[in-house]
Amino acid sequence: MLILGLNMFHADASAAIVADGEVIFAVAEERLNRHKHYGGFPALAVKACLDAAGAKITDVDHVAVGQDSDANLTKKVQYALANPAKILNFIHMRQRKEAMRDVRSLLSNALEIDASKMKFREHHLEHHIAHIASSYYCSPWERAAGFSYDGSGDFVSTMMARCEGTEIEILDRVFLPHSLGSFYTMICEFIGYKKYGDEGKVMGLAPYGKPTYCEEISKIVQRKNGSFQLDMKYFKPLGSNQGMQVLPDGTVRLARHFSDRMEKLFGEPREPYSEITQRDMDLAYAMQHCFEEVFFHLLRELHAKVPLPDLAMAGGCALNSVANGKLFKETPFQRTWIQPAAGDEGLAIGAALHTYHSVLKQPRRDFKASAYLGPEFSDSTIEAELKNTKLKYRRLDREMLIDTVADQMVDGNVVGWF
């Protein structure tokens, strides 16, 4: 049985192919078309998946998409009605997503094949369920707590679940506009990191700061009744897409997140590439500190609902390695399985595995997981390309290679690792 998983028309578009329950290939479109965080249709990734499986699209039995525009529809409508200025934006987004749902036509155009020849069944899975599935079904465990959090997906920012056997039971959701991902992005933008995906840089900036602004920043994101909420006075109205837009060419663009209130409290926002001041470092420190406080609070609540030692986690915020490093000290969990592709590129894997296990009721396979799921290149292929481009090169064994690269980094040089 072949299942093609897709993340499409969303940041980090990707594809994955699952054969009889095993992920045999997965790749983000950006790795093939060289457009960072590409958010269009992953045509090249689909072709690479089929080539890796030695299959044609006519051989695929199921196509699973890690997005469901019908999910949480009542909450979306309630939010739009409570914010009349956003209704038109909501309608436009709805129309755009409906146009994207014709998966057969999209694959037909990308692969130049008659749509009537494709036999697959189509499945759409809510964003955060796909995230949890991408981690839990790749884990070695038969039972675990499931957790996903990011900016937003299908009008949800955070999800808690109980995972057992082939099933994922949703226990709680945090709906927009409340989002730890949006909180993090807003501060990042204010201190001059305005591109989608810049959050990791600011996580690295945080330890250079001091706790000067922790009290002020803690007012923006507050724990409440086992969950959390944002004080929206600090944010510009973002709409149901939380300020992220995918342009027709697949480029992902962020709208301004912070309101004028931030400027009144902390002064002028930093311009990108300008000098980083102590204020910027201190804001990064406070942002990371408050993010961790809420994160650990949520995990303690999850453990109370699912008192197991094991935690399966994904979502873009699960890439916050600093918070992850403190998790065992701050929560009762004893082991974690964090999907290596925790961002939205991992949705393709989660959607495909959820279809195999939860929808089709197929048993879990023997544990075998790897992060090395993309294209492979032999030494001879690499050497031929180096000669073709007339680049100077040396061939080193592994131990010497690692020592040499470490020395380069100590000397302050930038290393590209292939």
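The paragraphs below lead through a predicted model, beginning with paired strands at the start of the chain and moving on to helices, cysteines, salt bridges and a surface patch.

Strand β1, residues 2-7, and strand β2, residues 14-19, run antiparallel and are joined by 6 bridges. One of the pairings sets Leu2 opposite Ala19, its bridge partner in β2. Between these two strands the hairpin has 6 residues, and in this hairpin Phe9 takes a positive phi near 55°. Strand β2 also pairs with strand β3, residues 22-28, again in an antiparallel arrangement with 6 bridges. Here Ala19 appears once more, with Glu22 of β3 as its bridge partner, so that Ala19 can be traced to Leu2 in one pairing and to Glu22 in the other. The hairpin of β2 and β3 has 2 residues between the strands, and Asp20 takes a positive phi near 50° there. Strand β2, which is joined to β1 and to β3, is mostly covered, with 5 of its 6 residues buried. As background for reading such strands, side chains in a regular strand alternate between the two faces of the sheet.

Further along the chain, His128 is a useful residue to select in the viewer. His128 belongs to helix α6, which spans residues 127-136, and its relative accessible area is 0%, which places His128 among the buried residues. What is His128 in contact with, leaving aside its neighbours within four places in sequence? Its contacts are Ser148, Tyr149, Asp150, Ser152, Gly153, Val156, Ser157, Thr158 and Met159.

A helix later in the chain, α14, covers residues 347-359 and is mostly covered, since 12 of its 13 residues are buried. The buried residues of α14 include nonpolar ones such as Leu347, Ile349 and Leu353, and also His354, Thr355, Tyr356, His357 and Ser358. In an α-helix there are 3.6 residues a turn, so residues three or four places apart point the same way. After α14 comes Lys361, whose phi is positive, near 60°.

The cysteines can be considered next, because the structure holds 0 disulfides and the distances between sulfur atoms show why two of these residues remain unpaired. For Cys49, the closest cysteine sulfur is that of Cys138, and because the two are 14 Å apart they are too far for a bond. For Cys317, the closest cysteine sulfur lies in Cys188, at 10 Å, which is likewise too far for a bond; the cut-off for a disulfide is 2.5 Å between the sulfur atoms. Both residues count as buried, Cys49 at 0% relative accessibility and Cys317 at 9%.

Charged side chains give another way of following the chain, for the structure holds 16 salt bridges. One of them joins the side chains of Glu126 and Arg173, with N to O at 2.9 Å. Glu126 lies in the loop between β5 (121-124) and α6, whereas Arg173 lies in strand β8 (residues 167-175), so this pair ties together parts that are 47 residues apart in sequence. Glu126 is buried, with a relative accessible area of 7%, while Arg173 counts as partly exposed at 28% relative accessibility.

A further salt bridge is formed by Asp379 and Arg395, whose closest N and O atoms are 2.9 Å apart. This pair links distant parts of the chain, with Asp379 in helix α15 (residues 379-388) and Arg395 in the loop between α15 and α16, 16 residues apart. Asp379 is partly exposed, with a relative accessible area of 47%, and Arg395 counts as exposed at 65% relative accessibility. Arg256 and Glu263 also meet in a salt bridge, at 3.2 Å from N to O, and here Arg256 is partly exposed at 33%, as is Glu263 at 22%. Beyond these pairs, Glu30, Arg31 and Lys36 are linked in a network of salt bridges.

The last feature is a nonpolar one at the surface. Leu401, Ile402, Met409, Val415 and Trp417 make a nonpolar surface patch of about 480 Å². Within this group, Val415 is found in the segment after α16 (398-410), and its relative accessible area of 32% makes Val415 partly exposed.

Technical notes. Residues numbered from 1 in each chain as written. Predicted model: local features only at pLDDT ≥ 70, side-chain atom pairs only at ≥ 80, totals over all residues. Heavy atoms only, no water. Buried < 20%, exposed > 50% of the residue type's maximum accessible area, 1.4 Å probe, protein only. Helix = DSSP H or I, 4+ residues; strand = E, 2+ residues; numbered from the N terminus. Patch = residues over 30% accessible without salt bridge, like charges linked within 9 Å, V, L, I, M, F, W, Y side chains within 5 Å. Areas by Shrake-Rupley, 256 points an atom, 1.4 Å probe, with all protein chains shown as cover. Salt bridge = Lys/Arg side-chain N within 4 Å of Asp/Glu carboxyl O. Contact = heavy atoms within 4.5 Å. Pairing = 2+ DSSP bridges.
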